[in-house]
Amino acid sequence: MRTLFLFSILLLSFNSLANEEIHLGSVTVAANKDELMNSDYQVFQRDDFVNRFQNLASFLQQQNGLQIQQAGGLGNPALISIRGASASQTTLLINGIRANTSQYGGYDLNTIPLNQIDRIEISRSGSSFDLSDQAIGGTINIITREGANNNNISLNLGSEETLATSFSSSFDQGLNIQFDHEQSANNYDYPVPSPANNSRQRNQEQPLENAEFTRTSLQLAQSFDDISARIRFNTQRKNIPDYFRNDPKNNAKLDQQDITLSLQGKHRLEHKNKDKVFASEHHWQLFQQKTNEHYQDEMGVIGLGKDNDKFYQTRSEAQWQSKVLFEQWQFQTQLSGYEDSFISRFLDDDDSYSCTTPQGNCDQKAYQQGMQILAGMRWANKQQNQRISTDIYQSFTHSYNRKRSTVSDSEEDKYTFIGYNLKYSLITEASEVHFSIKHSNRQPSLYQLFGDRGLLRGNTDLLDETSLSYSIDHLFRINDRQQMNSAIFYRQLENAIVPVYDSRGIGRYENSKEAYLAGIEWQWRYQGDSFYSHLGTDVYHSESLDDEVKSFNNKQIAGIYHNSVSLITGWSQQRHNIELINRINGNIYIDRSNLIAGDNYHLIDMNYQYQYAQLSLGFSIKNLVNTQYKDFTNRPAIGRQWMIFTHYNF
Amino acid sequence: MKKLTPLLIATSLLIGCGADNKSNDKVITEGSYAVQSVAADYSSSQVAIGNILGDRSATQGLLTQAESNFTISTYENYLYHIGKKDIDTISRYNTTLGVNNSEWTYGANHDDQGSANTYTLVQNTASNGYLIRYGSNFVLQVDPSASDEANFVKAKIDLSAYTVAGASYPRMVDATIYQDRLFVAMQRLDSSWKAQQAYIAVIDLASNEEIDTNPQIDGLKGIPLNATNTFTLVEHNGQLYAAGRGDYGSDTGGLDKISTSTYAVTRLIDENSFPELIDFSDDNDNSNDTYYHVMDVAVVSDQLAYATLNIEKGYTTLETKIVTINPTNGDLAVLSEPAELADKKITDINIDANDRLWLGIANADAPGILVMDTDTNTISGDFIELDMPAKRIEFLTVQ
């Protein structure tokens with residue numbers, strides 16, 4: 001039995017909540033593994049992934065409609081595509097705070113060790129009531145673990161000298177401390193195009209050199225009734241391999257330290273109006289994160305020259321959210337503001353301070369400030385079988401960039417956007433249908449607006465990407481053991497921001513005209529007494545239109561698998577659980593001109609768990625039959641990997 | 001919602017309607033052109049081949065690659081497909097048999113540190129050629145007829161003396177062979193990518209030794225050029241022509257003519273040559289100034305040559321102007337006709353055996369090739385449509 005956070009149950013319990021207490025987020029109920037996982041909003045609990053998967057990316061890529069974009073081993077950034085949107089059109093939240101950086105728009109799914117995660121929420125069709133999903137593709141919210149009854153220790157060992165260990169302990173007065181460490185040599189066999197010691201042996205398989213990754217993090221969390229505070233310190237080093245020559249003398253590396261402080265509160269109030277009782281809940285959060293990065297490439301193996309670069313980033317954010325429940329109505333307002341600042345210093349570049357050479361590096365300062373205000377409403381009829389929810393928001397963004405040496409040629413840009421979500425739901429005992437419309441945008445990142453004053457130039461004339469998405473999400477309970485989820489959606493995307501190079505090879509960002517993507521996703525889930533199975537497929541059709549670039553016009557959107565099939569079969573008996581995961585991905589073009597088709601592939605993963613009292617043991621094997629294929633970047637993917645898990649609750 | 005209907009049809013097909021790699025081939029039977037084209041986002045590249053005369057339409061989708069760092073060189077009926085930075089391979093195709101299967105693929109970085117980044121292969125006999133490598137200090141003398149890779153590289157020619165202090169290599173960019181000498185042009189950018197004085201090194205083919213072109217002066221043995229940041233080096237009738245774009249911003253670059261007998265350098269184009277193409281405002285801001293930059297040169301005769309001038313405002317290319325040059329008397333003129341050249345961005349020019357000028361059009365909305373009669377400066381034949389901007393045009397012959 002698992003505990004699931006169920007979006008739909010919120011509606012069924014609406015009236016009783018009105019007169020007692022309200023649950024403004026989601027509601028916890030006991031449910032079977034396969035029950036009530038709607039296709040537009042899903043919540044996964046800790047038991048769904050801990051001790052079964054090596055990292056968050058490994059877990060998420062099992063889910064319908066999600067594609068993980070990770071090239072290389074542990075420590076390489078993992079991005080995600082939801083419903084065919086690009087990774088930058090997808091938002092990653094960590095405890096409700098946006099993890100996409102303003103500088104590049106990117107994020108790393110594996111920033112948080114899996115053992116630190118308590119809950120994962122995934123929204124696809126857009127709504128501000130479940131989690132604040134305003135992204136073109138969809139939003140993932142990672143809820144970290146803290147609070148009482150969090151006493152455990154774990155040790156995981158895996159291939160490529162991978163080791164992960166964690167310790168968590170809860171004390172009186174709501175104090176929790178968690179320590180995590182993970183490391184991997186990442187020295188898997190890789191077909192080196194031009195080996196450093198023998199360049200004639202092209203594509204010779206060699207253990208990848210200088211690919212080590214290590215990360216250590218410490219988190220302290222203090223929870224009171226209404227207020228909680230968290231401080232997290234993280235330090236990591238990622239060595240950067242030379243995928244071209246695998247030079248053993250390569251010692252390029254990226255060091256990162258970050259510290260995160262957050263303070264949040266939740267206050268529930270009851271109000272009386274004559275004989276009516278209604279409640280309100282108010283949620284606020286203050287957040288600050290400071291990140292220092294140091295990139296060193298003493299041999300100049302990776303880029304165009306030697307590097308000794310430092311980058312300093314700070315993100316500050318404040319959020320306020322209030323919800324009021326009155327009979328069949330629920331109202332919501334949100335107000336949030338943030339500032340992302342960025343400073344770069346290229347220590348070994350004589351010209352980077354004055355920036356006289358446009359092809360070279362440039363020390364710069366940049367920031368992006370934003371504010372958003374949102375109002376939303378949800379209504380359900382008295383029979384609780386119909387519901388309408390809607391929200392509208394306005395966002396303001398101010399971006400600024402200048403050389404470190406002078407303010408004379410500073411650049412800035414301002415954006416305003418009004419977006420909305422509208423959803424109508426029909427609910428019966430056997431089924432749910434949700435009709436959704438979502439109008440979203442993605443603002444250009446600082447890098448896209450202003451460039452790095454190197455060969456890829458910025459473009460202050462960029463418009464923000466906008467989309468209008470229509471989706472129908474359907475859940476049908478066939479019987480007590482089976483259910484079918486399905487979704488059909490259509491997205492119209494305008495002004496997608498893409499890099500384009502001129503005849504001299506100088507790149508710049510531009511808006512492409514428009515693109516369409518439509519898709520059908522469905523999943524059948526069966527839960528027997530001991531046997532369970534999930535079968536799902538995703539089928540997308542897309543077309544990009546760009547009459548300003550002939551080779552990009554009328555082409556399929558690149559970088560996304562347009563056909564996917566997954567089959568998960570598992571068997572649980574007493575203390576044992578074993579499952580096989582089959583995934584087939586196909587129909588992908590590597591390039592926007594659709595000249596290069598990527599590899600179709602079929603992967604089989606296997607997970608096993610054994611539970612005895614407070615002790616949990618297990619292992620997982622990724623790519624069981626060691627399928628050789630090239631990933632979405634056209635780079636050879638990692639072969640078979642394994643990991644052994646041990647976990648003890650005390 | 002107009003796309004939903006085809007989607008539903010496509011859904012029924014499900015897996016199996018995957019993306020396809022195009023697999024074209026082209027066998028040449030007469031004089032032909034080959035063009036390396038690159039996607040506007042540099043995410044892929046392909047080669048196109050067509051006839052020089054008659055129907056010139058291109059067979060596209062040849063040698064498609066998921067990288068843009070490819071270029072071509074030709075020798076008679078042989079097409080060399082060269083992988084540049086971080087690819088470092090060279091493949092040879094006998095185009096009279098087609099381009100689906102290479103005769104061989106050899107490495108081009110030999111024992112160098114890092115990527116050699118080969119820019120071109122110049123060849124003087126069936127069994128002798130030179131790899132000009134932007135990311136290396138060494139020219140490789142090679143035997144293109146070698147049946148195995150062990151016998152491909154014959155010798156290394158060291159040009160490390162031209163490496164600017166702080167840089168790693170001299171950035172050799174182009175070369176040509178005339179009589180018994182190899183001429184190698186080097187950009188010589190410093191570690192901050194600033195263009196220092198460009199040089200041409202002269203190599204005696206008999207000994208692979210560098211010739212001192214000015215023994216009266218100590219220092220580098222090669223020919224110092226007036227124009228910096230060399231992009232193109234061609235030879236015609238014993239004269240070398242070196243086009244240098246100069247630096248970005250206020251440096252126009254220029255065109256130099258070099259005698260292969262005296263090594264004397266004559267300036268044909270400099271920053272004073274086309275004042276009407278410069279729009280300069282004295283506000284210490286280069287980004288709003290318009291300059292020309294000399295990018296390429298093609299020579300028809302001692303009295304007629306063509307050069308391309310990129311008209312750039314800040315870091316934006318507005319268009320490319322074609323200018324005519326009389327190398328003998330130094331006369332210059334901006335070509336205002338034919339009208340088909342207006343507002344075009346031109347990446348490469350080359351002269352075929354019939355003295356026609358071939359121009360690679362890089363405008364992303366309508367890329368292709370224009371062919372121009374040089375005796376009348378009028379367009380010859382139809383516009384050759386390409387899917388992607390042309391980067392390099394070369395010619396193939398059938399023996």
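**Backbone details in chain A and the fold of chain B**

Asn626 of chain A counts as partly exposed, because 13 C-beta neighbours lie inside 10 Å of it, a number that falls between the limits of 12 or fewer for an exposed residue and 20 or more for a buried one. The model is a predicted one, and the points below take up two asparagines of chain A, then the overall dimensions of chain B, one of its sheets and a cis peptide bond.

**Asparagines with positive phi in chain A**

- Asn626(A) has a phi near 55°, which is a positive value in a residue other than glycine, and its place in the chain is the loop that runs between strand S35 (615-622) and strand S36 (641-649) of chain A.
- Asn495(A) likewise shows a positive phi, here near 65°, and is again a residue other than glycine; the loop that holds Asn495(A) lies between strand S27 (482-494) and strand S28 (497-501) of chain A.
- Asn495(A) counts as buried because it has 20 C-beta neighbours inside 10 Å, and the cut-off for a buried residue is 20 or more.

**Overall build of chain B**

- The secondary structure of chain B consists of one helix and 30 strands, and 49% of its 399 residues count as buried.
- The radius of gyration of chain B is 22 Å, which agrees with the value near 21 Å that a compact globule of 399 residues would have.
- Measured out along its principal axes, the C-alpha trace of chain B spans about 80 × 55 × 45 Å.
- Among the contacts in chain B with a separation of 6 or more, 46% are accounted for by residues that are 24 or more positions apart.

**A four-stranded sheet in chain B**

- Four strands of chain B form an open sheet in the order S4-S5-S6-S7, and their pairing is antiparallel.
- Strand S4 (70-75) and strand S7 (104-107) of chain B are the edge strands of this sheet, each of them pairing on one side only, while the twist from one strand to the next averages 20°.
- Strand S6 (residues 89-94) of chain B pairs with S7(B) in the antiparallel sense over four bridges, and Ser91(B) stands opposite Thr105(B), a residue in S7(B).

**A cis peptide bond in chain B**

- Glu337(B) and Pro338(B) are joined by a cis peptide bond, for which omega is about 0°.
- Pro338(B) belongs to the loop between strand S24 (332-334) and strand S25 (346-351) of chain B.

Definitions and conventions. Residues numbered from 1 in each chain as written. Chains lettered and ligands numbered in written order. Predicted model: local features only at pLDDT ≥ 70, side-chain atom pairs only at ≥ 80, totals over all residues. Pairing = 2+ DSSP bridges. Helix = DSSP H or I, 4+ residues; strand = E, 2+ residues; numbered from the N terminus. Axes fitted to C-alpha atoms, helices over the stretch in contact; angles between N-to-C directions. Rg over C-alpha atoms; globule rule 2.2 N^0.38 Å. Contact = placed C-beta atoms within 7 Å.
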